[in-house]
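Student: Please take me through the ligand site in close detail. After that, add whatever you can on the buried residues and the cysteines.

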Amino acid sequence: MNEKLASVKRQYEKFPYPPRDPADEDRRLLAGMVDALPQINHYGFRGRRDFRKGFRVLVAGGGTGDSSTYLAHQLRDTDARIVYLDVSEAARDIARARAARRGLEARVDFRVGSLLDVPAWGESFDFVNCTGVLHHLPDPAAGLRALCAVLAPGGFLGLMVYGARGRAAIYPMQALLRLVNAGVSDEETRVRRTRAVLDGLREGHSTRLVAARAIDVDSDAGLYDLFLHSVDRAYTVPELYGFLGDAGLRLVAFVPDTRPLYDARLAFCDPEILEAVLALPRPEQEAAAELAFDCAGRHSFWASRDADTQADPRDPENVPFFAGTAGQDPAALACALRALEPDRPRSFALGVQEARLVAEVRLDAAGCRFLALVDGSRTMGEIVGRVSSELGLEPAPAWAAAIRTFETLSLVDVLLLRHASVPALLPGTP
Ligand SMILES: C[S@@+](CC[C@H](N)C(=O)[O-])C[C@H]1O[C@@H](n2cnc3c(N)ncnc32)[C@H](O)[C@@H]1O
């Protein structure tokens, strides 16, 4: 093991991350950002994946088990094989204890080791989760290549790497703390000195704001992860596209919770500016939105080698259903959308990290009727047929209205699709 990996391992043996207590499994289930099966199905498998049969998952750098627990919970009544891997035994122990608390220990194969070595296993996986890990590797590209090497044909990845703009205030503080902690190897002392430096920062210092917003700096593990990590880099959107492109991957979609931060339609309200940005290719539109909002600290997204992995609303056999989105409860949002009156725009507030965004949704009569008929079991074909006969529309304009409605709602990402041939959500999925 090289020196850099050894120091990362040392940190996560001492401070397993994120800090989790297995006893909390009795009172709540944490959902990994990229791990909800209905979304994985919609974005990665054209809505056609039957998770009951032969689904293989790798959680690489699984930490204290948020993703492995959530995936095992969703896949508990299937024959899925879930492999958890981490360099930290301490993190593995917590992840295993969480699964055990839920009676899911046997669902997951817990392994200790480096994700750089997975190609030597000779195994392959349909879904690879790797969140918050690649940016801690000395060579993230080598890590991503290793994951791609074990991705089965048609496989899908759920990834998270740090965002440079939202972490801009972190790196100068890390540099300051390297100076303050020069020659100090003892972690307790490093943590104590870090807290002393933070406490002494002037009012309005950019790091004070970051620390106030960070979810877990109160814990030593969180503080260490944010400010004292020995290997830590972040990506702008163009760098992210380069990183993925070099590994032969396409970015399929950012996760709904933060997707608005990459959406030019929400970032720019001046029509001339918006038109200019929307004329750019998609990665540049997203880069422009990233710079305009200037707060994405984590890029959470799905990626694939293949084109056209998303379910298509034009397929009459796809079944639309309501799903969650940024800061919105799916049931409440479904209710609010169904209450829309034709051609009367309504604004929806989206809470996305610290950005307070507003999405305006306006549907015509056919769009409103379409939404009213979405019940999680009717297919697109059935719904469009009903809209067409109820409103006296030819099939072509009824289909156009349905697609337009679907695309309008992609702004707030409320509708997902599954193919009629696969079952509705597994028990316990959101
Ligand atoms: C910030 S934590 C993220 C944990 C988890 N993926 C999550 O999102 O909650 C990073 C994890 O990656 C692990 N890790 C770092 N380098 C690794 C490597 N080369 N192979 C496997 N795991 C690694 C660490 O031990 C740590 O548990």
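Tutor: Start with the shell around the ligand in this predicted model. It numbers 19 residues, and the closest are Gly-61, Asp-86, Ser-114, Leu-115 and Thr-131. Three of these closest residues deserve a separate look.

Take Gly-61 to begin with. One of its backbone N or O atoms sits 2.7 Å from a nitrogen atom of the ligand. Asp-86 uses its side chain: an N or O atom there is 2.5 Å from an oxygen atom of the ligand. Ser-114 also uses its side chain, with an N or O atom 3.2 Å from a nitrogen atom of the ligand. As for cover, the ligand on its own has 590 Å² of accessible area, and the protein covers 95% of that.

Now the make-up of the shell. Nine of its residues are nonpolar, eight are polar and two are charged. Helix H1, residues 3-14, gives the largest share, with three residues.

Next, two residues in strands. Val-161 belongs to strand E5, which spans residues 151-162. Val-161 counts as buried because its relative accessibility is 1%, against a cut-off of under 20%. Setting aside residues up to four places away in sequence, Val-161 touches Leu-134, His-135, Tyr-235, Leu-240, Phe-243, Arg-298, His-299 and Phe-301. Look at Arg-298 in that list. Along the chain, Val-161 and Arg-298 are 137 residues apart, yet their C-alpha atoms are separated by 5.8 Å.

Asp-126 lies in strand E4, residues 125-131. Its relative accessible area is 6%, so Asp-126 is buried. Beyond its neighbours within four places in sequence, Asp-126 contacts a set that includes Phe-45, Arg-49, Gly-54, Phe-55 and Arg-56. Leu-151, Ala-152, Gly-155 and Phe-156 are also among the contacts of Asp-126.

Last, the cysteines. A disulfide is a covalent bond between the sulfur atoms of two cysteines. This structure holds zero disulfides. Why is Cys-295 without such a bond? The closest cysteine sulfur, in Cys-269, is 16 Å from the sulfur of Cys-295, so it is too far for a bond. The cut-off for a disulfide is 2.5 Å. Cys-295 is buried, with a relative accessible area of 8%.

Cys-368 can be treated in a similar way. Its sulfur has its closest cysteine sulfur in Cys-335, 14 Å away, too far for a bond. Cys-368 is buried, at a relative accessible area of 11%.

Technical notes. Residues numbered from 1 in each chain as written. Predicted model: local features only at pLDDT ≥ 70, side-chain atom pairs only at ≥ 80, totals over all residues. Heavy atoms only, no water. Near = heavy atom within 4 Å. Polar contact = N/O pair within 3.5 Å; in protein donor to acceptor, adjacent residues only side chain to side chain. Areas by Shrake-Rupley, 256 points an atom, 1.4 Å probe, with all protein chains shown as cover. Helix = DSSP H or I, 4+ residues; strand = E, 2+ residues; numbered from the N terminus. Nonpolar A, V, L, I, M, F, W, Y, C, P; charged D, E, K, R; others polar. Buried < 20%, exposed > 50% of the residue type's maximum accessible area, 1.4 Å probe, protein only. Contact = heavy atoms within 4.5 Å.
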